[in-house]
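Good morning, and thank you for coming. I would like to take you through one structure, beginning with its strands and ending with its aromatic rings.

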Amino acid sequence: SLTAMHYEPLSEWPPMLSFDTEYVQQTGRLIRYSFSTVAADGEPTTHVVEMGTGHRGRVSPPPNRAQVIAQNAPVDYGHLWRLTGREPITWADVEDTSYAHAVLYSDLPHSLDYLGSLYAPTNRWKHLDSVAPVEYSAADAFNTLAIWPHLLAELERDPLSMRVYLEEKRPLIPII
């Protein structure tokens with residue numbers, strides 16, 4: 001098993017987590033969302049929440065500022081806003097793995113599948129979309145969280161790329 005899986009929303013927010021959604025592209029209707037984090041004991045844990053299973057559709061935002069890592073954050077940003085009832089920029093630093101990778105390697109693909117093949121501990125899971133959608137969602141969140149430290153380390157080694165990411169790319173997330 002790649003991570004401990006739970007099927008309910010987080011009871012309390014960790015300081016850092018990844019966030020991913022599955023939704024109907026034509027309508028934007030949320031099907032499920034997933035969070036992944038590392039527990040206090042160092043073990044990864046993932047929450048996958050199906051919207052059609054009696055979930056009330058709201059999650060309280062954290063009392064303290066959180067770091068939320070996403071892949072293609074502009075898509076997930078609106079869902080996170082609707083789930084918490086507050087604009088994420090007011091309570092979170094939202095990071096985007098695809099934006100970070102685009103700053104570092106503009107000529108390469110920036111999809112989660114591609115980034116997973118480079119940085120994720122479980123680098124082949126995208127085929128699960130049609131056969132095991134809950135596990136697919138969990139793996140998207142888990143691997144997004146696993147990819148981020150690698151990209152952050154590369155950004156830290158290249159101060160100019162870090163500046164471009166922080167000052168030019170990341171501020172676009174709530175706008176786009």
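In the hairpin that joins strand 2 and strand 3, 6 residues lie between the strands, and Gly-28 takes a positive phi near 80° there. Please bear in mind throughout that this is a predicted model. The two strands of this hairpin, strand 2 and strand 3, run antiparallel and are joined by 6 bridges. One of the bridge pairs is Tyr-23 with Leu-30, the latter in strand 3.

A hairpin is also formed by strand 3 and strand 4, with 5 residues between the strands; here Gly-42 has a positive phi near 90°. Strand 3 and strand 4 are antiparallel, and 7 bridges join them. Among the pairings, Ser-36 has Thr-46 in strand 4 as its bridge partner, and Tyr-33 stands opposite Val-49 of strand 4.

How covered are these strands? In strand 3, 7 of the 9 residues are buried, so to speak of the strand as mostly covered is fair. Strand 4, residues 44–50, is mostly covered too, with 5 of its 7 residues buried.

Let me now turn to the sheet as a whole. In what order do the 6 strands of the open sheet stand? The order is 1-4-3-2-5-6, and the pairing is mixed. Strand 1 and strand 6, the latter spanning 92–96, stand at the edges; each has a single partner strand, so one side of each is left without a neighbour in the sheet. From one strand to the next, the twist averages 25°.

The parallel part of the mixed pairing deserves a closer description. Strand 1, residues 4–6, pairs with strand 4 in the parallel sense over 3 bridges, and Ala-4 has Thr-45 in strand 4 as its bridge partner. Strand 2 and strand 5, residues 66–70, also run parallel, joined by 3 bridges. Within that pairing, Ser-18 stands opposite Ile-69 in strand 5. Helix 2, residues 97–104, packs on the sheet and touches strand 5 and strand 6; its direction makes about 55° with that of strand 6.

Ser-18 and Ile-69 appear again when we consider a residue of helix 5. Thr-144 lies in that helix. Is Thr-144 buried or exposed? Its relative accessibility is 1%, and the limit for buried is under 20%, so Thr-144 counts as buried. Setting aside neighbours within four places in sequence, Thr-144 is in contact with Ser-18, Ile-69, Ala-70, Gln-71, Thr-97 and Leu-112.

Next, helix 6. Which of its residues are buried? Ser-161, Met-162 and Tyr-165 are buried. These residues cover an arc of only 105° around the axis, which puts them on the same side of helix 6. As a general reminder, an α-helix has 3.6 residues a turn, so residues three or four places apart point the same way. The face of helix 6 turned away from the buried side carries the exposed residues Pro-159, Leu-160 and Glu-167.

I come finally to the aromatic rings. How many aromatic pairs does a search of the whole structure find? The search finds 7. In one of them, Phe-19 and Tyr-33, the ring centres are 6.0 Å apart and the planes stand at 40°; angles under 30 degrees count as stacked and those over 60 as edge-to-face, so this pair is tilted. Phe-19 belongs to strand 2, residues 16–23, and Tyr-33 to strand 3, residues 30–38, so the pair ties together parts that are 14 residues apart in sequence. Both Phe-19 and Tyr-33 are buried.

Trp-148 and Tyr-165 form a tilted pair as well, at 6.0 Å centre to centre and with 45° between the planes. This pair links distant parts of the chain, with Trp-148 in helix 5, residues 133–157, and Tyr-165 in helix 6, residues 159–169, 17 residues apart. Trp-148 is buried, as is Tyr-165.

Ring pairs also link Trp-13, Phe-19, Tyr-33, Phe-35 and Trp-91 into a cluster. One further ring has a charged neighbour: Lys-169 lies over the face of Tyr-99, at 5.6 Å from the ring centre.

To close, I return to Tyr-33, which stands opposite Val-49 in strand 4, pairs with the ring of Phe-19 and belongs to the aromatic cluster. Thank you for your attention.

Notes: Residues numbered from 1 in each chain as written. Predicted model: local features only at pLDDT ≥ 70, side-chain atom pairs only at ≥ 80, totals over all residues. Heavy atoms only, no water. Phe/Tyr/Trp six-rings, centres within 6.5 Å; stacked < 30°, edge-to-face > 60°. Helix = DSSP H or I, 4+ residues; strand = E, 2+ residues; numbered from the N terminus. Buried < 20%, exposed > 50% of the residue type's maximum accessible area, 1.4 Å probe, protein only. Lys NZ or Arg CZ within 6 Å of the ring centre and 35° of its normal. Contact = heavy atoms within 4.5 Å. Pairing = 2+ DSSP bridges. Axes fitted to C-alpha atoms, helices over the stretch in contact; angles between N-to-C directions. Arc of directions from axis to C-beta.
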